[in-house]
Amino acid sequence: MEEINALMQGFGVALSPFNLLLMFAGVILGIVIGVLPGLGGANGVAILLPLTFSMAQQPGGTTSAIILLSCIYWGALFGGAITSILFNIPGEPWSVATTFDGHPLAQKGRAGSALTAAFTSSFVGALVAVIMITFLSPVVAGFALRFGPPEFFSVYLLTFCAFVGMSGGNAAKTIASMMIGFALAAVGLDSVTGTLRLTFGSTALLKGFDFLIAVIGLFGIGEILETLEEGLAFKGASARINIKVVLETWKELPRYWATSLRSSAVGCFMGIVPGGATPASFMSYGLARRLSRDGKDFGSGIVEGVVAPETAAHAAGTSALLPMITLGVPGSPTAAVLLGGLLIWGLQPGPLLFVEKPDFVWGLIASMYLGNIVGLIVVLTCVPLFAAILRIPFSIIAPVIIVICAIGAYTVHNSMFDVWLMVIFGVVGYGFKKLRYPLAPMVLALVLGDRAEENFRNAIKGSQGDLLVFFSNALVGGLTALALTLLFWPVLAAGWRILRGRR
Amino acid sequence: MQSEEQQSAASVMAVEIGVAAVVFAFGALVMFDSYRLGASWGEDGPQAGYFPFYIGLMICISSAAIFARALRDPGLAAESFVSREELKKILTVLVPTIVYVGLIAYLGFYVASTGYIAYFMWQLGKYPWIKIVPVAAGVSVAFFLIFEVWFQVPLPKGPLEALLGLN
């Protein structure tokens with residue numbers, strides 16, 4: 001029960017008054033970010049990351065900083081449900097499935113039940129994922145301590161291949177988006193040879209592209225442009241929650257234990273494998289509809305239809321942090337931004353973190369338990385306040401969000417060039433979104449590009465250029481084989497169907 | 001008969017092909033510069049351009065695939081990427097945003113932001129000035145307090161702040 005001891009020490013770190021205050025601040029900010037159009041988990045954390053630079057330099061400050069940022073993430077996960085149910089506008093992509101039954105419920109006058117069910121199942125999903133992280137992450141980290149450069153590169157390969165194979169969209173677009181991310185990551189000074197790459201004599205490009213700028217532009221500005229085109233008219237159901245409704249809904253919820261359990265499992269799995277929260281929520285909604293006794297009523301506004309996607313989305317969003325802290329491979333764009341934060345604060349994410357910075361790791365894990373409890377309390381008590389934010393007219397909120405994005409982009413390096421880059425990334429993000437190029441692989445490649453390249457180079461340096469190094473032992477060979485299987489999964493699945501069809 | 005406002009400004013096929021071409025050019029540029037740096041095996045390991053060269057190659061291959069697929073799909077030509085009305089809406093936001101970012105260098109963050117928010121409220125929200133001025137100025141003052149005073153993150157300032165002695 002080593003983990004329990006370590007976790008208790010973590011609670012000791014997380015329960016300091018300052019850290020508790022940061023949790024509340026983070027969760028509230030996160031919910032606001034989740035509710036606002038154009039701001040979401042990934043770019044919200046990216047914008048606020050520069051504010052933690054000075055905080056992280058104080059002793060114990062990195063733990064406080066990660067608590068603040070991860071709580072923003074939990075808050076954003078909660079906030080997405082509010083807009084989906086009340087306004088039928090998913091604030092986050094992973095809450096799209098919540099609108100299917102959440103909004104009809106609200107129209108029937110049962111908004112309170114829908115919200116309570118959403119928040120409670122979010123909490124349950126997150127809790128299951130955190131428990132899994134508590135017990136699984138030391139095992140994974142211990143295992144990963146034996147990793148050398150070839151193994152690390154094959155883990156990265158696995159991550160990116162999983163994106164291509166599992167995303168279900170146009171594979172060529174996923175690959176193009178990902179490789180653009182890698183190319184942008186390569187711009188600037190090459191740390192191994194000291195040569196300048198892809199700068200074409202421009203001094204502004206010397207330091208390369210910062211993924212924070214890309215995230216703020218792609219997700220922030222891009223989304224504002226997209227929302228604008230649809231023309232915004234918020235017509236929402238009223239958001240009243242009282243204790244009676246909460247208790248009544250809680251009495252109803254245990255009936256859906258099977259859906260909860262299944263959705264948590266789907267979410268945890270999809271979070272670790274970089275599929276992310278969005279497909280997890282759809283998959284679990286679909287499974288629930290097929291397997292539930294009330295399956296035919298899904299879509300007409302039933303509580304179970306809210307439970308399924310919310311549980312899975314939160315479980316996936318939370319478990320996306322498991323590969324981030326143990327392997328240094330983020331499972332979602334927001335986890336990628338958090339990983340970038342760790343690098344900026346001078347921490348090396350990966351298995352050594354558990355050995356060298358146990359305070360940080362266990363403080364973070366303990367804060368996940370506490371942050372979600374804080375989140376549940378805050379959302380249940382303050383829903384009307386957050387819903388009121390959406391009643392601010394778009395012509396005021398849109399420029400304010402763009403100003404916030406601009407400030408966020410500027411403060412990363414105190415450079416106006418970055419603000420221009422943000423605008424360019426915004427236009428690119430808008431175009432890519434409309435053409436259905438996935439953005440998450442680009443962000444992940446931008447964050448991981450340098451580390452992936454470094455491990456690749458070290459690996460083939462060790463083998464004198466022989467690419468068979470990625471099959472040189474059972475571990476790395478297994479990882480590479482799994483990566484290739486995932487990469488060609490759609491092809492293999494289609495082949496299997498044809499074979500079966502012939503019989 | 002479609003009204004002129006709803007007419008498509010560009011078909012999905014045109015944009016898809018255009019974007020794929022730009023992406024292809026980007027990939028070619030990456031390959032070109034990597035080749036210049038040396039994309040082969042050096043004396044002590046892979047050269048600086050080794051990794052990016054293959055990244056560029058994959059960009060070119062994938063964008064060529066997207067290009068070819070778009071050409072073969074006749075449905076895309078009929079599908080509208082953006083209607084004239086939508087494009088107009090986008091430009092009414094994008095152009096002021098570009099002007100705004102340009103003005104930051106001369107006026108400072110706070111003054112430029114005030115003007116930007118005011119323009120939005122006036123142009124899109126059709127608010128009277130009596131509402132615009134307090135909201136726009138209030139937001140900027142709030143940002144000033146949050147960033148300069150609370151978090152001590154200095155943002156670029158212009159002549160107005162110099163005049164008020166706030167630098």
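User: In this predicted model, how many of the eight residues of helix 3 (residues 41-48) of chain A are buried?

Analyst: We're looking at a predicted model here. The buried residues of helix 3 of chain A run through A:Gly41, A:Ala42, A:Asn43, A:Gly44, A:Val45, A:Ala46, A:Ile47 and A:Leu48. That helix is largely enclosed by the rest of the structure, because its count of buried residues is eight of the eight.

User: What share of the 503 residues of chain A counts as buried?

Analyst: Start with the makeup: chain A has 22 helices and two strands. Its C-alpha atoms fill a box of roughly 70 × 65 × 50 Å along the principal axes. Of its 503 residues, the share that counts as buried is 62%.

User: What is the radius of gyration of chain A, and what would a compact globule have?

Analyst: For 503 residues, a compact globule would come out near 23 Å. Chain A agrees with that, because its own radius of gyration is 22 Å.

User: And is chain B compact or spread out, going by its radius of gyration?

Analyst: Chain B comes to seven helices and two strands, and from the N terminus its elements go β-α-α-α-β-α-α-α-α. For 167 residues the globule rule gives 15 Å, and the radius of gyration of chain B is 24 Å, well over that. So, set against a compact globule, chain B is more spread out.

User: What percentage of the residues in chain B is buried?

Analyst: The C-alpha atoms of chain B fill a box of roughly 65 × 60 × 25 Å, taken along the principal axes. Among its contacts with a separation of 6 or more, residues 24 or more positions apart account for 63%. As for buried residues, their part of the 167 in chain B is 31%.

User: Which elements of chain B give two or more residues to the side that touches chain A?

Analyst: Here 48 residues of chain B are in contact with 44 residues of chain A. The elements giving two or more residues to that side of chain B are helix 1 (12-37), helix 2 (50-72), helix 4 (84-107), helix 5 (109-123) and helix 6 (129-150).

User: How many residues on that side of chain B are nonpolar?

Analyst: Take the smaller classes before the answer. Polar residues there number seven, and charged ones four. The nonpolar residues on the side of chain B that touches chain A come to 37.

User: Which residues touch the most other members of the largest nonpolar core?

Analyst: That core holds 228 residues. As a taste of the packing, and leaving out residues up to four places away in sequence, A:Met422 touches A:Ile213, A:Ile216, A:Gly217, A:Ile221, A:Cys405, A:Ala406 and A:Ala409. The residues that touch the most other core members are A:Val215, A:Met422 and A:Val443.

User: Is the crossing of helix 6 and helix 13 of chain A left-handed or right-handed?

Analyst: The axes of helix 6 (residues 111-144) and helix 13 (residues 304-319) of chain A come within 7 Å and cross at roughly 35 degrees. By class, their contact has 14 nonpolar, seven polar and one charged residues. Helix 6 of chain A passes helix 13 of chain A in a crossing that is right-handed.

User: Is A:Arg436 buried or exposed?

Analyst: A:Arg436 sits in the loop between helix 19 (416-434) and helix 20 (440-462) of chain A. It isn't a glycine, yet it has a positive phi of about 60 degrees. Because it has 12 C-beta neighbours inside 10 Å, A:Arg436 counts as exposed.

User: Where does B:Lys126 lie?

Analyst: B:Lys126 also has a positive phi, near 55 degrees, in a residue other than glycine. It has 8 other C-beta atoms within 10 Å, so it is exposed. Its place is in the loop between helix 5 and helix 6 of chain B.

User: What distance separates the C-alpha atoms of A:Leu20 and A:Ser64?

Analyst: A:Leu20 belongs to helix 2 (residues 17-35) of chain A. With 16 other C-beta atoms within 10 Å, A:Leu20 is partly exposed. A:Leu20 and A:Ser64 are 44 residues apart along the chain, and their C-alpha atoms are separated by 9.3 Å.

User: How far apart in space are A:Leu261 and A:Gln107?

Analyst: A:Leu261 lies in helix 11 (residues 257-272) of chain A, and it is partly exposed, with 13 other C-beta atoms within 10 Å. In sequence, A:Leu261 and A:Gln107 are 154 residues apart. C-alpha to C-alpha, their distance in space is 28 Å.

Methods:
Residues are numbered from 1 along each chain as its sequence is written. Chains are lettered from A and ligands numbered from 1 in the order in which they are written. This is a predicted model: local features need pLDDT of at least 70, side-chain atom pairs count only at pLDDT 80 or more; totals for chains, interfaces and linings use all residues. Axes are lines fitted to C-alpha atoms, for helices over the stretch in contact, and angles run from 0 to 180 degrees between N-to-C directions. Helices (H or I, at least four residues) and strands (E, at least two) are DSSP runs, numbered from the N terminus. A crossing is left-handed if the near helix is turned anticlockwise from the far one by less than a right angle, and right-handed if clockwise. Ala, Val, Leu, Ile, Met, Phe, Trp, Tyr, Cys and Pro count as nonpolar, Asp, Glu, Lys and Arg as charged, and the others, Gly among them, as polar. Two residues are in contact if their C-beta atoms, placed from the backbone, lie within 7 Å. A nonpolar core is a set of buried Ala, Val, Leu, Ile, Met, Phe, Trp, Tyr and Cys residues joined through C-beta atoms within 7 Å. A residue is buried if 20 or more other C-beta atoms lie within 10 Å of its own, exposed if 12 or fewer, and partly exposed in between; C-beta atoms are placed from the backbone. The radius of gyration is taken over C-alpha atoms; the globule rule is 2.2 Å times the number of residues to the power 0.38.
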